[in-house]
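Student: Hey, can we go through this one together? I'd like to know how to read it.

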Amino acid sequence: MNKRILAALLWAAAGLAHAEKADSSKPTEIKFDQLEVDDVKQTKTAIGNVILTRGTLQMKSPKAVMKEDPEGYQYVTMTSTPGTPATFRQKRDGEGDQWVEGQAERIEYDGKTELVKLFSKAQIRRLEAGKPSDEVQGEFISYDSRKEFFAVKNTATGDSKPGAGRGTMVIQPANKNTAPVASVPPAGK
């Protein structure tokens with residue numbers, strides 16, 4: 001079985017929770033240093049220390065371009081600058097203090113489908129009580145919070161190509177409080 005498919009299956013089996021359901025009904029707040037609004041094209045371009053917040057979803061980057069469709073759904077592209085990646089963070093539904101966060105050179109958010117796409121040097125981490133539980137890295141990550149599904153591809157275009165690169169996944173032990181297992185002597189001794 002392909003190692004990337006196995007890694008994706010392991011992540012899914014680890015039990016990602018849905019993003020906070022209430023976020024989709026919250027207003028979007030954008031903080032910035034500079035803003036340009038084009039009402040004809042229905043675009044807003046925020047520049048300089050941009051912080052976009054909708055419920056528990058928070059996205060940060062040096063620049064953000066937001067578009068709105070006729071139905072009122074918002075689509076955001078967050079872009080980085082050297083040394084300052086675009087980031088997102090969102091609380092997950094479920095018990096306890098569970099979050100998902102990520103970073104990349106470019107992040108695209110689709111408000112209609114609640115799909116987050118991370119392009120170039122992409123990383124996603126699950127946090128439980130503020131501590132990382134699992135992490136995945138690759139050139140492209142698509143994260144669907146509604147379906148509890150993500151995909152990692154080895155090129156920043158979102159395609160996988162033979163020899164283009166490899167992803168990495170780190171899965172933490174399920175029970176972090178277990179004591180080391182004592183060695184068992186061989187049979188007959």
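Tutor: Sure, one term to begin with: two strands count as paired if DSSP finds at least two bridges between them. Keep in mind that this is a predicted model.

Student: Okay, so which residue stands opposite Leu35 in E3?

Tutor: That's Ala46. Leu35 belongs to a pairing where strand E2, residues 34-38, runs antiparallel to strand E3, residues 43-54, with five bridges.

Student: How many residues sit between E2 and E3 in the hairpin?

Tutor: Four residues. One of the turn residues is Gln42, which has a positive phi of about 60 degrees.

Student: What's odd about that phi for Gln42?

Tutor: Gln42 has that positive phi although it isn't a glycine. Most residues other than glycine have a negative phi.

Student: And is Gln42 buried, partly exposed or exposed?

Tutor: Partly exposed, with a relative accessible area of 35%. The cut-offs are under 20% for buried and over 50% for exposed, so a value in between counts as partly exposed. Gln42 lies in the loop between E2 and E3.

Student: Let's try another one. What about the phi of Ser120?

Tutor: Ser120 isn't a glycine either, and its phi is positive, about 65 degrees. Ser120 is located in strand E9, residues 115-128.

Student: Buried or exposed, that Ser120?

Tutor: Buried: Ser120 has a relative accessible area of 17%.

Student: Switching topic: how many helices and strands does the chain have?

Tutor: The chain has one helix and 12 strands. Going along the sequence, the pattern is α-β-β-β-β-β-β-β-β-β-β-β-β.

Student: What share of the chain's residues is buried?

Tutor: 34% of the 189 residues. As for the outside, the chain exposes about 11300 Å², and carbon and sulfur atoms supply 53% of that.

Student: Which residues have the most contacts inside the largest nonpolar core?

Tutor: Met59, Met78, Phe88, Ile107, Leu118, Ile124 and Ile141. That core has 24 residues.

Student: Pick Leu118. What does it touch, leaving out residues up to four places away in sequence?

Tutor: Quite a list, including Phe88, Ile107, Ile124 and Ile141. Leu118 also touches Arg106, Gln123 and Glu139, among others.

Student: Last one: of the contacts between residues at least 6 apart in sequence, what share joins residues at least 24 apart?

Tutor: That would be 46% of those contacts in the chain.

Definitions and conventions
Residues are numbered from 1 along each chain as its sequence is written. This is a predicted model: local features need pLDDT of at least 70, side-chain atom pairs count only at pLDDT 80 or more; totals for chains, interfaces and linings use all residues. Side-chain values use heavy atoms; hydrogens and water are left out. Helices (H or I, at least four residues) and strands (E, at least two) are DSSP runs, numbered from the N terminus. Buried means under 20% relative accessible area, exposed over 50%, partly exposed in between (1.4 Å probe, protein chains only). Contact means heavy atoms within 4.5 Å. Accessible areas come from the Shrake-Rupley method with a 1.4 Å probe; for residues, only the protein chains shown count as cover. A nonpolar core is a set of buried Ala, Val, Leu, Ile, Met, Phe, Trp, Tyr and Cys residues joined through side-chain atoms within 4.5 Å.
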